[in-house]
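Here are some comments for a colleague who will be working from these coordinates, set out as numbered points.

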Amino acid sequence: MEGSESSASQQAQVAAVHPAVEPLSYLLGTWRGQGEGGFPTINSFKYGEQLNFSHPGNKPVIAYSQKTWKLNSGEPMHAESGYWRPKPDGTIEVVIAQSTGLVEVQKGTYDAEEKVVKLHSELVGNASKVREITRVFKLVNEELVYVVEMATSLNSLQPHLKASLTKL
């Protein structure tokens with residue numbers, strides 16, 4: 001009997017959401033949908049995408065992973081992963097490592113009421129051409145929509161990706 005109480009207590013602790021993460025808890029889970037991309041130096045394209053936001057419960061952090069694939073063949077296109085650290089004052093710090101080798105350190109803000117997260121790059125590392133990246137995530141009618149803008153050594157900040165995802 002005592003062992004089952006301990007096990008139930010451990011499960012409750014794992015399921016608990018850290019207070020710093022609570023304002024963004026609507027993101028937790030797996031999201032899937034489609035997006036489209038383009039940039040002056042590349043052809044426009046469409047893709048399938050899956051995002052996963054997970055949380056260990058006892059730490060003020062959200063683990064993030066993303067993967068995309070070609071819609072017609074299912075062939076992998078891009079992947080990235082990292083961590084989101086929301087702060088009680090409405091700011092957030094994000095680190096992302098991309099499958100291309102590019103690394104981002106982003107800072108931004110979140111609005112729990114509006115369910116929007118706005119990020120801008122503080123550092124883009126290991127990138128010969130990319131100079132700046134911004135990301136805006138917003139929950140709209142139960143869909144997670146986002147827009148990514150990018151600046152390169154040749155082009156100013158402009159739209160690069162946008163997608164609409166539903167929670168699985």
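What volume does the largest pocket have? The points below begin with that question and then turn to three individual loop residues.

1. In this model, which is predicted rather than experimental, the largest pocket has a volume of about 670 Å³. Its lining is made up of 30 residues, and those closest to the centre of the pocket are His78, Gln98, Met150, His160 and Leu161.

2. Several strands take part in this lining, since at least two residues each are supplied by E2, E3, strand E4 (76–86), E8, E9 and strand E10 (158–167). The largest share belongs to E2, which gives 5 residues to the lining of the largest pocket.

3. Sorted by class, the residues that line the largest pocket comprise 16 that are nonpolar, 10 that are polar and 4 that are charged. Anyone preparing a calculation on this pocket will have that composition to hand, together with the central residues, among them His78 and His160.

4. His55 belongs to the loop that runs between strand E2 (42–54) and strand E3 (62–70). Is His55 buried or exposed? His55 counts as buried, because its relative accessibility is 16% and the cut-off for that class is under 20%.

5. The side chain of His55 has two polar contacts with backbone atoms: it reaches the backbone nitrogen of His18 at 3.0 Å, and it reaches the backbone oxygen of Val61 at 2.9 Å. Once neighbours within four places in sequence are set aside, His55 is in contact with Ala16, Val17, His18, Val21, Leu28 and Val61, so that His18 and Val61 appear both in this list and as the backbone partners of the side chain.

6. Lys115 sits in the loop between strand E6 (103–111) and strand E7 (116–125), and although Lys115 is not a glycine, its phi is positive, at about 55°. With a relative accessibility of 30%, Lys115 counts as partly exposed, because that value falls between the limits of under 20% for buried and over 50% for exposed.

7. Glu142 likewise has a positive phi in a residue other than glycine, here near 65°, and Glu142 lies in the loop between strand E8 (130–140) and strand E9 (143–152). Glu142 is exposed, because its relative accessible area is 63% and the class begins at values over 50%.

Methods
Residues are numbered from 1 along each chain as its sequence is written. This is a predicted model: local features need pLDDT of at least 70, side-chain atom pairs count only at pLDDT 80 or more; totals for chains, interfaces and linings use all residues. Side-chain values use heavy atoms; hydrogens and water are left out. Helices (H or I, at least four residues) and strands (E, at least two) are DSSP runs, numbered from the N terminus. Buried means under 20% relative accessible area, exposed over 50%, partly exposed in between (1.4 Å probe, protein chains only). A polar contact is a pair of N or O atoms within 3.5 Å; within protein, one must be able to donate a hydrogen and the other to accept it, and residues adjacent in sequence count only if both atoms are side-chain atoms. Contact means heavy atoms within 4.5 Å. On a 1 Å grid over the protein atoms alone, a cavity is a set of points where a 1.4 Å probe fits but cannot get out, and a pocket is an open set with protein on both sides within 12 Å along at least five of seven lines; lining residues have an atom within 4 Å of a point. Grid points are joined across faces, edges and corners, and a volume is the space filled by probe spheres set on the points. Ala, Val, Leu, Ile, Met, Phe, Trp, Tyr, Cys and Pro count as nonpolar, Asp, Glu, Lys and Arg as charged, and the others, Gly among them, as polar.
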